[in-house]
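User: I am new to this structure and would be grateful for a close look at one part of it, the surroundings of the ligand. Please set that part in the context of the whole chain.

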Amino acid sequence: MDFTIDPAIEALRAKILDFLENKIYPHENRWFREEEEIFPACVEDGHEIRALQAEAKELGIWAGHLPAEAGGMGLTVTEYGLLNEIMGRSYFAPRVFGSNAPDSGNAEILWHYGTDAQKERFFWPLQRAEVRSFFAMTEPDVSGSDPTGLQTRAIQQGDEWLINGRKWYSTNANGAAFCILMALTDPDAGRHRRFSQIIIPAATPGLKLIRPIPVMGHTAGTGHWEVAFENVRVPVSNTLGQRGDGFAIAQTRLGPGRIHHCMRWLGQAQRGFDLMCSYSKQRHLFGSALADKQTVQNWIAESAAEIQAARLMTLHAAWKIDNLGAKEARVDISLIKFFVAKVMMDVLDRAIQVHGGLGMSDDTPLAFMWRQGRASRIYDGPDEVHKMVVARQVLKQYA
Ligand SMILES: Cc1cc2nc3c(=O)[nH]c(=O)nc-3n(C[C@H](O)[C@H](O)[C@H](O)COP(=O)(O)OP(=O)(O)OC[C@H]3O[C@@H](n4cnc5c(N)ncnc54)[C@H](O)[C@@H]3O)c2cc1C
């Protein structure tokens, strides 16, 4: 087995890391504070981020998740994973490099399932980061882990959909140009053919942003929104893929999407690890540096082992998608989804502990990363759902 990284990918990783260290890290604390202060008015990227996006496009590090013909970098899932581990070190980097969720996932499904007209109107402006979008699936009144019970209803009337329902946790809804909605269209069809995905321009009458949901006391950036759909009408031609394809499209989105998340979380874990190691050498107490204490050394060794295990597992799942397809990699994807999220949270927790009071402050990125990171164990399927998928598969071998 050859673990060598292709020199071209290694060179891109170095280029991206240099970009992060010089153009993103020095500003991210201020950007975050600014976004929080002007929320909910911050509906578009500030001019500094816009300028960096232009630079990233110029350097050829733009929309790494998309194929070359879609204006992306034309990478395999494994190659993109290796880059995403570096980009993931900063919350702002995916925005700067044109691969921010949920736009990235929306762009992928629009490219995969969209008609030429849908691509022209929705995909290309998104790919160029001229507009933003949101993905409206989860609802407040029913379980998101078991989405077969979602209630938002689309009824066909002539050549229009009439849509009613309520969604929440619609990330980045504020200022978005359109959303992709998961709606119940065929209640009598088989369990996994009842839902369709429908593209809805944000300005459509009846689409109402109800409130931003404060997450752990914070509402920053473009936020997570509760959204009502009240007698919303859009043409049936806004259906993405075929009627009833809702779950199939969600699977297309979530497979590689979870790998992207995991690599980004590894980037967060690695950054927390780097901060923990460097601070432990600087800080002296009880006659020696923190780095000389056995407990801190244990944390460093455990974190190093966990990060490496998580990295290899994630790259293996990416390799499986590239070589055998997303369906074959389904269990591996569930395995890494809960495992890597836990590794990130454990490493960040230790890094915060090593920093003492400083770790709880916003003077380092650790508290922010931990706060953001906690949701990783819930979105895109909570830990328990992924553990259930893995355990069922394992138990089949013991029938
Ligand atoms: C920050 C953030 C951003 C999000 N962004 C979006 C977005 O952009 N668009 C969107 O549509 N949604 C989004 N979500 C919603 C997210 O996908 C859902 O919260 C998630 O799917 C879980 O659904 P739920 O909240 O309804 O929890 P429920 O399904 O009600 O589950 C509650 C809890 O039950 C437990 N559980 C579930 N299944 C089992 C089981 N089999 N056995 C034992 N316990 C179990 C889990 O611990 C779970 O956390 C976001 C959520 C967060 C926190």
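How many nonpolar, polar and charged residues does the shell around the ligand have?

Analyst: The model is a predicted one. By class, the shell around the ligand consists of 12 nonpolar, 7 polar and 1 charged residues. In total, 20 residues surround the ligand, and the closest of them are M137, S143, G144, S145 and T171. The elements that give two or more residues to this shell are strand β1 (133-136), strand β3 (160-171) and helix α12 (383-396).

The position of the ligand can be read from the division of the chain into domains. There are three of these: domain 1 (7-127), domain 2 (133-244) and domain 3 (247-396). Both domain 2 and domain 3 give residues to the shell, and the ligand therefore lies between them.

Two residues help to fill in the picture on the side of domain 2. The loop between β3 and β4 (178-184) holds N172. Although N172 is not a glycine, its phi is positive, near 70°. N172 counts as buried because 22 other C-beta atoms lie within 10 Å, and the threshold for that class is 20 or more. Strand β4 itself contains M182. M182 has 24 C-beta neighbours inside 10 Å and so is also classed as buried. Apart from neighbours within four places in sequence, M182 is in contact with A136, M137, L150, F195, Q197, G246 and A250. One of these partners, M137, is listed among the closest residues to the ligand. By contrast, M182 and A318 are 27 Å apart from C-alpha to C-alpha, with their positions 136 residues apart in sequence.

A further residue of domain 2 offers a contrast in exposure. N231 belongs to strand β7 (residues 224-235). Its phi is positive as well, at about 50°, in a residue that is not a glycine. N231, however, has 9 C-beta neighbours inside 10 Å and therefore counts as exposed.

Domain 3, which also contributes to the shell, has a second partner in domain 1. The C-alpha centres of domain 1 and domain 3 lie 21 Å apart. Across this boundary, 20 residues of domain 1 are in contact with 25 residues of domain 3. On the domain 1 side, α1, α3 and α5 (103-113) each supply at least two residues. The greatest contribution comes from α3, with 7 residues. This side of domain 1 divides into 7 nonpolar, 9 polar and 4 charged residues.

Helix α1 deserves a description of its own. It spans residues 7-38 and bends by about 50° at E28. Its buried residues are L12, I16, F19, L20, I24 and W31. An α-helix has 3.6 residues a turn, so residues three or four places apart point the same way. The cover over the buried residues of α1 includes α3 (77-87) and α4 (93-96). Beyond α4, the loop that leads to α5 contains P102. The peptide bond from A101 to P102 is cis, with omega near 0°.

In domain 3, one loop residue may be described in the same detail. A326 is placed in the loop between α8 (294-324) and α9 (330-355). With 19 C-beta neighbours inside 10 Å, A326 counts as partly exposed, because the buried class begins at 20. Leaving aside neighbours within four places in sequence, A326 is in contact with G255, P256 and I321. The C-alpha atoms of A326 and P40 are separated by 37 Å, and the two residues are 286 apart along the chain.

The chain as a whole completes the context. It has 12 helices and 10 strands. Its radius of gyration is 21 Å, close to the 21 Å that the globule rule gives for 399 residues, so the chain is as compact as a globular protein of that length. Along the principal axes, the C-alpha atoms fill a box of roughly 80 × 55 × 40 Å. Of the 399 residues, 44% count as buried. Among contacts between residues at least 6 apart in sequence, 72% join residues at least 24 apart.

To return to the request, the ligand lies between domain 2 and domain 3, and 20 residues surround it.

Conventions:
Residues numbered from 1 in each chain as written. Predicted model: local features only at pLDDT ≥ 70, side-chain atom pairs only at ≥ 80, totals over all residues. Helix = DSSP H or I, 4+ residues; strand = E, 2+ residues; numbered from the N terminus. Rg over C-alpha atoms; globule rule 2.2 N^0.38 Å. Buried ≥ 20, exposed ≤ 12 C-beta atoms within 10 Å, placed from the backbone. Contact = placed C-beta atoms within 7 Å. Bend = angle between axes of the 7 residues up to and from the residue. Near = placed C-beta within 6 Å. Nonpolar A, V, L, I, M, F, W, Y, C, P; charged D, E, K, R; others polar. Domains from an automatic or database assignment.
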